[in-house]
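Please open the structure in your viewer and keep the selection panel at hand. The tour goes from one selection to the next and says what is to be found at each stop.

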Amino acid sequence: MSKPTIATGHFTGCFGCHMSLLDIDERILQLTELVEFDKSPINDKKRFDRVVDIGIIEGGCSNDENVEFLRMFRKNCKTLVAIGACALTGGVPAMRNTVPLRECLEEAFLRGPSVIDGVIPNDPDIPIMLDRVYPAHEVVKIDYFIPGCPPSADALWAAIVALLEGREPVLDYELLKYD
Amino acid sequence: MRDKTVTITIDGKQVEAKAGQKIIEAADDAGIYIPRLCHHKDLPPRGHCRLCVVKVDGRPRSSCTIPVEEGMTIENDTEELNAHRRTVLEMMFVEGNHFCPSCETSGNCELQAEGYRLGMVVPKLPYIETHREVDATHPDIFINRDLCILCGRCVRASALQDGKTVFAFEGRGIEKVITVNAEHGLGETLMDVADAAAHVCPTGCLRTKRVGYSVPVGERKYDHNPIGSEIEQAASH
Amino acid sequence: MPKETTAIIEQIAHQFNNDPTRLMDVARAVHGRLGHLSELSIGLIAKNLGIHRAQVRDMVSFYAFFSRSPQGKNVIRICTAVVERMNGADELVEAFEKELGIFLGETTEDGKVTLEKASCIGLSDQAPSVLVNGIALTQLKPEDVPGIVAAICSGDEIDTLPQARVRKNLRQSGPILLGPYESGDAVRKAIRKTPAEVIIELYASHLRGCGGAGFPTASKWEKCRTSKGESHYVICNADEGEPGTFKDRVILMENPELVFDGMTIAAFTIGAEEGMIYLRGEYDYLRGSLERALANHRQLGLLGNNICGIEGFNFDIRIQAAAGAYICGEESALIESLEGKRGAPRDRPPFPVERGYKEQPTLVNNVETFCGVSRVLEHGGQWFSRLGTEQSKGTKLLSISGDCRLPGVYEVEYGITVEKLLQQVDAEDAQAVQIGGPSGFCIGPKDYLRSIAFEDLPTGGSIIIFGPDRDILEYMYQFGEFFAEESCGWCVPCRVGTTLLLKDLREVLDGHATHRELDELKQLCGTIKTMSQCGLGLTAPNPILSTIEQFPELYEARLQEGDYYPRLDLNKALKAGCTASGRELFQIETGEPAVTNS
C-alpha cells in the first residue's frame with residue numbers, strides 16, 4: 001500500500017510554522033517513513049501532480065495570488081489543515097485590517113519618512129492586495145485548525161499523527177496555544 | 001451563629017452551600033470551576049460576560065448573580081453549555097482585535113485562558129473590525145480599548161475599592177466602550193498604578209506600562225495549568 | 001459663552017434640587033436649552049449634581065435623543081422602522097435629504113435642521129411619519145416634504161401644519177379597556193375594600209400583565225405589598241417601544257384616567273405615595289395633555305393628599321419623560337433609567353417588587369394593565385374573567401399595522417383567531433403575520449387558525465401584516481437591525497451577537513450561503529437565546545428562527561449547492577487595491593480541473 005501524501009504551503013505569514021515543523025527534530029525521519037511529501041517548500045516541489053491526502057497551510061490571504069494558491073490547495077487536498085495564527089485569524093499581517101488599504105499603501109509608498117518621489121507599485125507581476133487580510137477559512141473550506149504562533153513542534157507532530165491515524169486532531173492543554 | 005446551609009447539586013455532585021451565596025461561589029468552595037470573565041472574587045457580580053451561565057433546574061442563569069436555593073439542580077460542565085461558551089468567547093475575540101502573538105498579556109490573559117480551557121481553537125465568526133481609541137495619556141498605565149471585553153471589572157474596582165470612579169461605560173450596543181472620568185484621557189484622572197482598578201483587567205486592555213513580557217514563555221500563568229485549576233485543587237486538599 | 005452655560009446649568013440643576021437621580025430630567029432640560037450636551041455641559045452637570053463626569057457621560061451617551069455634538073435648531077426624526085419602510089419611509093428619507101441637501105445624521109450648514117432616523121415612534125398605523133422637534137407629522141408623502149421644510153426653516157409653528165395630526169384610529173372599542181369611564185369610579189370602589197381584598201379581586205379576575213410577558217398581576221401586587229421597605233413605589237410603564245405597537249398611545253389619548261386610577265388603586269394596595277409614568281421620549285407630544293389630565297385628577301381629589309377623603313391616603317403621579325431606548329421597556333432597565341442612569345437591565349433576583357426604584361419595593365405595570373385593574377375594581381373580578389380563554393382572561397388591545405386596509409387599535413377578546421383578525425382588518429390575503437413585533441413570532445397561513453392568547457400566541461399587542469408581494473426575509477433583516485441598534489451592550493451575547501446575526505443573515509439573503517452557513521446561523525441564534533441576560537437578547541433571534549420554521553422554502557430558495565461558501569468576495573476585496581494602484585480589476589482564474597497549477 002502506498003504511503004499517504006502530504007503537501008504544505010505558505011501564504012501571508014513569516015514561514016515560522018514551517019520552521020516549527022522542522023523543529024520536530026529526529027521525528028522528521030519517522031515522518032518521511034510515514035508519509036510521502038508532495039508539493040512543499042520543504043522538498044521544493046512546486047507543482048501538484050495529483051490529489052494528495054493531507055494539505056497543511058500556513059499564512060492568511062492578503063492578495064489575489066494567495067487566494068488563487070489557497071484555492072488550488074483546496075482542490076488538490078482531500079483534507080486541508082490550517083496551522084498558525086495567520087492562517088487562523090490573519091495574524092500579525094491582519095493588524096492592517098483596522099486601517100483602510102489605501103491609507104496603508106500611501107503610508108508605505110508615498111508618505112513614509114524614507115520615501116522620495118514614491119509611487120504605489122502597479123507592476124502587473126505584483127499581486128493585488130485585498131482590502132484586508134483574510135483567514136484561510138473565509139476563503140476555502142478548512143477541515144482542521146491548529147493554532148499557535150507558531151504551533152509548537154509537539155503540537156504539529158500530535159496533529160499529524162492524529163490525522164494519519166484517522167482521528168480528529170485535538171490538542172492537549174499544553175499544546176493548545178494562540179501565541 | 002452558624003451560617004444556614006443549603007444543599008444543591010452541581011453536575012450530579014451534592015454540594016453544601018451557605019445560604020445567600022451565589023452559585024459560582026458555592027461551586028468554588030466545592031472545588032467546581034465555572035468559567036467566568038467579568039466575575040472577580042473581590043467585586044460584586046454584574047453578569048456581563050455570560051460565560052458563567054449554567055442551567056438551574058433546566059433554565060439558563062448566570063451563576064455569578066443567582067443565589068443558591070435549597071434543592072437546586074445545576075448543570076455546568078455539559079457539552080451544550082461549553083459549546084455556547086465557546087461561541088460567546090469567539091464573540092469577544094471577533095469584537096475586539098486580539099492579536100495574541102504580539103500581546104504582552106499573552107499567557108497571563110484570562111480571555112485566552114478560558115479559550116484554552118474550553119477548547120476554542122479558532123474564532124470562526126465574522127470579524128467586526130472595530131478600531132477603538134488607545135489612551136496612553138497616563139504616565140504609568142495605558143488603555144488599549146481594542147482588547148476590552150467590557151467586563152466592567154475596572155469600573156467596579158475603581159468605584160468600590162479605590163473610591164475614585166475613574167471608569168464608566170459610554171455608548172450602547174456594539175458602540176459601547178470604556179470611558180474615563182476626565183475630559184480627555186486617563187492622565188487627567190486620579191488613577192494611580194497602585195489602585196485596585198489597575199490590576200483587575202482580565203485581558204491586555206488596561207495594563208501597567210514598562211513591565212510587559214517580563215515572564216518568559218513557559219513560565220506564564222496559564223502555560224501549564226488551566227484557569228480554574230487553583231480552585232479545583234484547593235478543594236481537593 | 002461658558003459663563004452663560006454655567007448659569008443655565010446651575011439653574012436647571014437647582015430646579016431638580018441638584019438630585020442626581022433626576023439626571024434624566026436635567027440632561028433633557030440642558031439639551032433642550034443648549035441644543036446638545038457638550039463636554040463642557042457634561043462636566044457642569046456632573047459638578048452641579050455632585051457626581052462624576054464619567055457617570056454623566058455614561059448616561060447621556062446611552063439615549064438616542066441626546067446628542068453630544070451641536071445639532072440644528074430643528075431636529076427631524078424620520079421613523080425608519082419596518083412598517084414605515086413598507087409604507088415609503090425610504091422615499092421620504094430621500095425627499096428630505098434632497099430638500100435639505102444633507103444626508104441622514106447631518107445638519108444643514110445654516111444650522112437650522114438636523115435630519116435623523118428613529119426606531120419605531122408608535123405611529124405605524126399612520127406611516128410613514130416623522131417627529132419634528134417632538135411633534136408628530138403623519139402619513140407623509142414625498143411631495144409634502146418641500147412644504148414641511150419651508151415651514152420649519154421659516155420658523156412656523158410645526159403643530160399648525162396640516163400633517164401634524166395624530167389619529168387615534170380606534171377601530172374597535174371593547175367592553176373593558178376602551179369603554180366609557182367616569183374618573184375615580186374604580187378608586188372609590190377599591191377603597192371600600194381592604195388592600196388584601198383588592199388583591200383577592202385581582203386574583204378573581206386572572207388579569208395578567210399586558211406588556212407581553214403576562215405575569216399574573218395579583219401575585220405581582222401581593223409580592224410587592226408584602227416586601228418590606230422604607231417606601232413603596234408605583235410605576236406605569238408607558239415605554240411601548242416594540243415596533244408596530246401603539247395601543248398605549250391610544251389609551252393615553254383616550255382614557256388616561258383609567259391609568260391614573262389603576263395606579264392609585266395600586267398605591268392604596270401596596271402602600272405607596274409616589275407614582276411615576278415613564279413616558280417614552282417619542283410620546284413627548286402627549287405630555288401636555290397628560291399633565292392637564294393629571295391636574296384635573298388632582299382637582300377632583302383623586303390625587304394628592306387625603307384621596308377620596310381618606311385621611312392619610314396620599315399619592316401623586318409625576319411623568320418621567322424618557323429619551324429614546326427600547327430596552328427601557330424592560331422593567332429593571334426602566335428603573336435604572338428612572339434613577340438617572342443608563343437603561344441597563346438588572347439581574348434578577350432581587351425582583352423590582354422586592355428591590356426596585358431606589359432599592360425599594362416597586363410595582364411596575366404596563367399602561368394597559370393599569371386600565372385592566374381599574375375595570376376589575378369597577379366591575380369585579382368575576383365580570384372581568386367572563387371573557388377570554390382558560391389562561392387569558394378579558395380583552396386585549398392590539399395595534400395592527402402593515403398591509404391591511406384598516407390599521408389601528410382593536411380591543412379584542414382573548415382567544416380570537418388570526419384568521420378572524422385578518423378579516424376584521426381586511427387583509428385576508430396576508431402572506432405572513434408578525435405577532436408581538438420583532439421579539440415575537442412570524443407566522444404563515446398554516447397557523448392562521450391559532451389564537452391570540454398567552455397559551456397560544458402571546459403578544460404585547462403589536463401585529464404587523466405582510467401582504468402577498470412582500471419579501472418577508474428582508475423585513476426580518478430590518479428587525480435584526482432594530483435589535484442591533486437597541487441592544488444596550490451590557491452582555492456579550494446580545495451586544496456582539498445581534499450585530500453578527502445581521503452579517504450572517506445578509507450573506508444568506510444575498511445567496512452567499514449553503515446549508516452549512518444556515519446551520520451556523522441557527523447555532524448562533526441558539527447561543528444568543530440561551531446566554532443573553534434579558535428579554536432583548538433572548539428574543540432577538542426570533543425573527544430568524546420563526547421564519548426558518550414557518551417559511552423554510554424562502555431560505556432554501558436562496559441557498560447554494562455544496563457545503564461551504566466563502567466569506568471572501570474576491571471582486572469586492574480587490575477593488576480597493578486596484579483603485580489604489582491604478583490597475584484594472586480582473587477576474588481571477590478559478591479553473592475546474594482537479595489538478596491546477598499556476
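Two residues count as being in contact here if their C-beta atoms, placed from the backbone, lie within 7 Å. The model is a predicted one, and the stops below should be read with that in mind.

**Chain A against chain C**

Select chains A and C together and colour the contact residues on each side: 28 residues of chain A are in contact with 22 residues of chain C. On the chain A side, the elements that give two or more residues are α3 (64–76), α5 (101–111) and β6 (129–134) of chain A, and among these α3(A) gives the most, with eight residues. If you now colour this side of chain A by residue class, you will find 15 nonpolar, two polar and 11 charged residues.

**The sheet of chain A**

Keep α3(A) selected and add β1 (5–10), β3 and β5 of chain A, across which this helix lies, running at about 135° to β5(A). These strands belong to an open sheet of five strands in chain A, whose order is β2-β1-β3-β5-β7 and whose pairing is parallel. Go to its edges next, where β2 (36–37) and β7 (144–146) of chain A each pair on one side only. Returning to the interior of that order, select β3 (residues 52–58) and β5 (residues 77–83) of chain A, two parallel strands joined by six bridges; as one point of reference between them, A:Ile57 has A:Ala82 of β5(A) as its bridge partner.

To set these elements against the annotation, select residues 14–163 of chain A, where UniProt, in an unreviewed entry, places the feature "domain: NADH:ubiquinone oxidoreductase-like 20kDa subunit". Over residues 14–163 the chain is 37% helix and 19% strand, and the C-alpha atoms at the two ends of this stretch are 25 Å apart.

**Chain B against chain C**

Now hide chain A and show chain B with chain C, whose contact takes 32 residues from chain B and 33 residues from chain C. On the chain B side, β4 (59–62), α2 (79–95), β8 (167–170) and β9 (177–180) of chain B each supply at least two residues, and α2(B) gives the most, with six residues. Coloured by class, the residues of this side of chain B divide into 15 nonpolar, 11 polar and six charged.

**Inside chain C**

Show chain C alone and colour it by its domain assignment, which gives domain 1 (2–60), domain 2 (77–144), domain 3 (171–385) and domain 4 (395–466). Select domains 1 and 3 of chain C, whose C-alpha centres lie 29 Å apart; the contact between them takes eight residues from domain 1 and eight residues from domain 3. On the side of domain 1, the elements that give two or more residues are α2 (23–34) and α4 (53–60) of chain C, with the largest share, three residues, coming from α2(C). By class, this side of domain 1 has four nonpolar, one polar and three charged residues.

For the last stop, select strand β9 (residues 362–366) of chain C, which is mostly covered, five of its five residues being buried. C:Thr362, C:Val364 and C:Asn366 point one way from β9(C), while C:Leu363 and C:Asn365 point the other way. Adding β6 (residues 232–238) of chain C shows a strand that runs parallel to β9(C) and is joined to β9(C) by five bridges, with C:Ile235 standing opposite C:Val364.

How values were computed. Residues numbered from 1 in each chain as written. Chains lettered and ligands numbered in written order. Predicted model: local features only at pLDDT ≥ 70, side-chain atom pairs only at ≥ 80, totals over all residues. Domains from an automatic or database assignment. Helix = DSSP H or I, 4+ residues; strand = E, 2+ residues; numbered from the N terminus. Nonpolar A, V, L, I, M, F, W, Y, C, P; charged D, E, K, R; others polar. Pairing = 2+ DSSP bridges. Axes fitted to C-alpha atoms, helices over the stretch in contact; angles between N-to-C directions. UniProt positions renumbered as here; feature names shortened; annotations may be inferred. Buried ≥ 20, exposed ≤ 12 C-beta atoms within 10 Å, placed from the backbone.
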